[in-house]
Amino acid sequence: MIFDSGVLVLREGLEAILVLAAVMAGLRGSNAAMRRPVAVGAGVSLLATVATWFVAVWVLGELGGGGLDVQAATGLLAVVVLMVVMNWFFHRVYWTGWMSHHHRRRRALLDGLSGSSRRGVVVGFALLGFTAVYREGFEVVLFLQSLRLKAGSSVVLQGVALGAAMTLLVGLVTFWANARLPYRRMLVATGILLGFVLVVMVGEGVQEMQLAGWLPVTTVALAVPGWMGTWFALFPTFETLAAQVLAAAFVIGSYYLAEYLRVRRPQRAGRAAARPALDAPDAAAPLS
């Protein structure tokens, strides 16, 4: 649970740092003063994330957080959102669109420096920093509630502290040391870890739905050691194993579909467009 919590926080933290780095990179020269409101907005978003954590804990407590129905519903919601975030096909649109959205907002605010009041532009940049980080923080809070209901706040918060410390280290290197890290490789590595977390959460979620009576229990003739259930949520039931296989196939299949749409289909289209030009007769050659 500590490992899962830490990976979730680190993954979302890396995305927040990349968005902030992209925004800050466009604020240079005479516009460098606008970096401060962006940083202030990002700091306020961290406080808002902490407040959201306590609100989520209170809401789930009012709903009967210890009940199996609440745990099953929370786990199902976390898995659905996590699969959307992990889905390589959707994540490309999700990530590219989110980045371009912030670039458009930054350009619009910079254009407003010459026309509108400076106070409004400063507030706009603060909101830009706030939204860049708070969305990731909101997702983390949502993911962690499912783990918190299973293991308790103290265990999950240990993972949060670990993931936050690693995110802080990356942020320090990025913004203060001005060093370029292999962000793509880091995102891929944490994405693989997040895929592992997804499969585990799917197994746990299906088991909770079985305990709550939402799903039947069909045992299979497999000798699954107890420690595999504890560490990897592998249980000898058809429902849990099938759901985990489908989740893994969904993520892997989405990755290959995205690679096809991004690389192979444009290559085929380029070859198809070039073929008529190659097959056309040379204008300089004599016609028979």
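**A walk from the core to the aromatic rings**

In this predicted model, a good place to begin is L198, which, once its neighbours within four places in sequence are left aside, is in contact with V79, L82, M83, M86 and V251. L198 also belongs to the largest nonpolar core, a set of 27 residues in which L8, L82, L144 and L198 touch the most other members. At least two residues of this core come from each of the helices α1 (2-25), α2 (35-62), α3 (68-86), α5 (118-151), α7 (183-211) and α9. Apart from this core lies another one, made of 19 residues, including L27, M34, M99 and F125.

We can turn next to the aromatic rings, of which six pairs are found in a search of the whole structure. One of them joins F130 and Y134, whose ring centres are 5.3 Å apart and whose planes meet at 20 degrees, so this pair counts as stacked. Because these two residues are four apart in helix α5, about one helical turn separates F130 from Y134. Y134 also pairs with F138, but here the centres are 6.2 Å apart and the planes stand at 50 degrees, so the pair is tilted. F138 counts as partly exposed because its relative accessibility is 43%. Elsewhere, F3, F196, W227 and F232 form one aromatic cluster.

The last stop is A233, which sits in the loop between α8 (226-232) and α9 (238-279). Most residues other than glycine have a negative phi, yet A233, although it is not a glycine, has a positive phi of about 55 degrees. With a relative accessibility of 0%, A233 counts as buried.

Note on methods:
Residues numbered from 1 in each chain as written. Predicted model: local features only at pLDDT ≥ 70, side-chain atom pairs only at ≥ 80, totals over all residues. Heavy atoms only, no water. Buried < 20%, exposed > 50% of the residue type's maximum accessible area, 1.4 Å probe, protein only. Core = buried A, V, L, I, M, F, W, Y, C linked by side-chain atoms within 4.5 Å. Contact = heavy atoms within 4.5 Å. Phe/Tyr/Trp six-rings, centres within 6.5 Å; stacked < 30°, edge-to-face > 60°.
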